[in-house]
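This report describes the fold, the interior and selected local features of one protein chain. The sequence and the model are shown first.

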Amino acid sequence: MDVHRASHHSRREYTLDNMEGKQAGKMLPCQEDRLDSGLDSLREDEELVSDLEELKMNDNTDFTQEYEPWRAVMTDDGDTLLHLAVIHEAQEHVLEIIKLSHNHPFLNVQNHQRQTALHLAVITEQPQLVERLLKAGADPRLADNSGNTALHIACKKGSLACFSVITQNCHSHLKALMSFPNYSGHNCLHLASINGYISLVENLIKLGADINAQEQCSGRTALHLAVDFQNQALVRCLVDLGANVNSLNYGGFTPYHLTYGRHNEDIRQQLYNKTAQELRPLPASESDESEMEDLDFSDDEVYDDIKFGQ
């Protein structure tokens with residue numbers, strides 16, 4: 001397997017879920033936002049700012065022959081100067097560090113959330129930095145503590161710009177990046193489908209993503225997920241692109257079965273006409289209600305009306 005998995009750690013203040021304003025019409029729980037812009041927000045730590053400002057351009061820098069002390073600077077959260085510069089959108093400093101660290105392992109240092117500078121550039125929606133990092137040797141296969149690569153994050157955020165930069169610069173790893181599941185069992189196509197990003201779904205399939213790939217929680221395909229979220233446009237798109245309407249999840253249910261008890265009759269009728277006649281009845285030993293109870297909805301699928309411990 002090409003993609004590097006990473007161990008789990010505690011959440012940080014600027015994880016993807018906390019930094020996004022909204023996702024597929026659902027508001028996500030947010031902590032205090034750390035992503036203020038500009039280097040001024042770093043003034044609280046004069047030593048780190050000084051290290052950033054004293055970086056000098058040197059096209060002949062050879063990291064194997066010269067030790068650079070600023071590469072060893074790290075915060076309590078495991079952030080390097082490169083992480084901080086990306087987070088605070090200090091682009092001039094980011095570009096300076098990248099040039100000084102071309103093909104250096106420093107570009108792939110992971111913080112305590114297992115995020116690289118590449119992850120953070122996607123999270124903060126800076127496609128130009130994503131491209132510079134990739135061309136300088138940043139590894140797109142590294143996964144954070146949720147199992148997400150930078151491409152997973154782009155698909156989850158709906159960032160077409162970052163998605164395009166990554167897919168155009170990672171040809172040799174693209175198939176693995178698209179098929180690799182995160183720790184919730186979802187690959188890039190599943191994440192784009194869950195969040196309703198039809199343009200990303202179309203692009204992923206065009207690039208060779210398996211349209212019938214099953215997520216690892218309960219065996220749903222992108223089409224199952226589109227029905228679950230009652231996304232009629234996505235259902236139509238997937239069917240037109242050749243999704244298998246007769247695919248069964250781990251409970252033996254087709255996408256059509258998941259229309260039972262749902263309000264969208266157009267989706268139900270569209271799938272009824274295409275589903276094999278012998279597969280239209282619900283499995284004799286199950287019901288759509290029990291299937292809904294058995295489905296394992298992960299952190300990738302947020303419901304704002306569920307409260308635990310009450």
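Contact, as used for the packing of helices in this report, means heavy atoms within 4.5 Å. In that sense, the cover over the buried residues of α8 includes α5, α6 (127-136), α7, α9 (174-179) and α11 (198-206). The residues of α8 that are buried are C162, F163, V165, I166 and T167.

**Model and overall architecture**

The model is predicted. Its mean pLDDT is 82, and 70% of the residues in the chain reach 70 or more. Two segments call for caution. Over residues 56-65 pLDDT stays under 50, and the model has 14 contacts beyond four places in sequence for this segment. Residues 286-290 also stay under 50, with six contacts beyond four places in sequence. Where pLDDT is low, the predicted coordinates should not be read in detail.

The secondary structure consists of 15 helices and zero strands. Of the 310 residues in the chain, 51% are buried. Among contacts with a separation of 6 or more, 72% are between residues 24 or more positions apart. The chain exposes about 14,800 Å², of which carbon and sulfur atoms supply 45%.

**The nonpolar core**

The largest nonpolar core comprises 64 residues, and those with the most contacts inside it are L82, V130, L133, L204, L238 and L271. Helix α5 (residues 117-123) contributes the largest share of this core, six residues. For L238, the contacts outside its neighbours within four places in sequence are V201, I205, I211, A222, L223, A226 and A243.

**Helix α14**

Another of the core residues with the most contacts, L271, belongs to α14 (residues 265-274), where I267, Q270 and L271 are buried. Viewed down the axis of α14, the buried residues fall within an arc of 90 degrees, so they line one face of the helix. These buried residues pack against α12 (222-228) and α13 (232-240). At the start of α14, a side-chain oxygen of N264 comes to within 3.0 Å of the backbone nitrogen of D266.

**Two buried loop residues**

S159 is placed in the loop between α7 (150-157) and α8 (160-169). Its relative accessibility is 3%, and S159 therefore counts as buried. Not counting residues up to four places away in sequence, S159 touches E125, A154 and L200. With E125, S159 forms a polar contact between side chains, at 2.8 Å.

T124 lies in the loop between α5 and α6. Why does T124 count as buried? The cut-off for a buried residue is under 20% relative accessible area, and T124 is buried because its relative accessible area is 11%. A polar atom of the T124 side chain lies 2.7 Å from the backbone oxygen of L120. T124 and I87 are 37 residues apart in sequence, yet their C-alpha atoms are 6.9 Å apart in space.

The distances for the polar pairs described above are collected here.

| First partner | Second partner | Distance |
|---|---|---|
| S159 side chain | E125 side chain | 2.8 Å |
| T124 side-chain polar atom | L120 backbone oxygen | 2.7 Å |
| N264 side-chain oxygen | D266 backbone nitrogen | within 3.0 Å |

Key. Residues numbered from 1 in each chain as written. Predicted model: local features only at pLDDT ≥ 70, side-chain atom pairs only at ≥ 80, totals over all residues. Heavy atoms only, no water. Core = buried A, V, L, I, M, F, W, Y, C linked by side-chain atoms within 4.5 Å. Buried < 20%, exposed > 50% of the residue type's maximum accessible area, 1.4 Å probe, protein only. Helix = DSSP H or I, 4+ residues; strand = E, 2+ residues; numbered from the N terminus. pLDDT = per-residue confidence, 0-100. Arc of directions from axis to C-beta. Polar contact = N/O pair within 3.5 Å; in protein donor to acceptor, adjacent residues only side chain to side chain. Areas by Shrake-Rupley, 256 points an atom, 1.4 Å probe, with all protein chains shown as cover.
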